[in-house]
Amino acid sequence: MPIERNNADSITIRDNNSVTAIGRISGASDDKREEKFRQWVEDCAKQVKVCTHTFKETKQYFLEHCDTLPLPPDDRRMKYFKLNVIMNYFKDKLEHQASEFSFDMTDEEIEKWHKEEAAVREEALSSPPERFCLKLRGYCLPHTERNEAYYEETRKDWETHSKLSPAEAEQVRHADICFYFEETTGYIQSSGAGTLIRELTIYRGISKEDIEKRTPRFLGYITALREIGELPDFKKE
């Protein structure tokens, strides 16, 4: 298994099925910026109010605001959504576990780690949803007149934030927008349609506990409000 140490902060691992690139997060932290962000979070916690909808209400809101086609459980995209849910919420429950990666590992140790990680992912991919009591639903947005604005927005986002070749741009133009829901964890994921996922985040809202504990749901909520101008931007002086 070829292991390329590109520099002190980057390693590429190649095997018969994939190429894995690992980069180190480097650079001195911006203490001033981090403090501004922490202060912004605290200020937002004082301004926002409890306003929450259930997971089922949020999914119904989604279904009412666009045209959708359900994805079958055996769809490849549903399998990878299941993988994401398990890796985010149940990784420690899997039988296979990988050691912690370090740039100080020898090539032999990195190869062993890579095989362990592959085994973890394979177990997650092959595990039936029932093993973790998962209730997965996925929806594709067909290219209808009602959905066209979401596709146009997604295309512009890709063109603005990515350096795409003409062939890659054409792929993005024809790629389906999909939304995924997992009821047990409350996890929601999308590919494209940033406006709609932001609307869902705001509609779903936050509880008193979210505010008090500064949960990921709370952080996502205040970020969404900042993006639509309902809360100030901590990046501005």
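A pocket is here an open set of grid points, on a 1 Å grid over the protein atoms alone, with protein on both sides within 12 Å along at least five of seven lines. In this predicted model, the largest pocket has a volume of about 520 Å³. Its lining comprises 20 residues, and those nearest the centre of the pocket are G186, I188, R204, P216 and R217. Two or more lining residues come from each of strand 8 (187-191), helix 7 (194-204), strand 9 (205-206) and helix 9 (216-227). Of these elements, helix 9 makes the most generous contribution, giving seven residues to the lining. Sorted by class, the lining of the largest pocket holds nine nonpolar residues, seven polar ones and four charged ones.

Attention can now turn to the start of the chain, where strands 1, 2 and 3 offer a pleasant pattern to follow. Strand 1 (residues 3-7) and strand 2 (residues 10-14) run antiparallel and are joined by four bridges. A hairpin of two residues makes the connection from strand 1 to strand 2. Strand 2 also runs antiparallel to strand 3 (residues 19-23), with five bridges joining the two. Here too the link is a hairpin, with four residues lying between strand 2 and strand 3.

I13 is a handy landmark for tracing these pairings by eye. In strand 1, I3 stands opposite I13 of strand 2, while in strand 3 the bridge partner of I13 is T20. Strand 2 is thus a helpful place to begin reading this region, being joined by bridges both to strand 1 and to strand 3.

Conventions:
Residues numbered from 1 in each chain as written. Predicted model: local features only at pLDDT ≥ 70, side-chain atom pairs only at ≥ 80, totals over all residues. Heavy atoms only, no water. 1 Å grid on protein atoms, 1.4 Å probe; cavity = no way out; pocket = protein on both sides within 12 Å on 5 of 7 lines; lining within 4 Å. Points joined across faces, edges and corners; volume = space filled by probe spheres on them. Nonpolar A, V, L, I, M, F, W, Y, C, P; charged D, E, K, R; others polar. Pairing = 2+ DSSP bridges.
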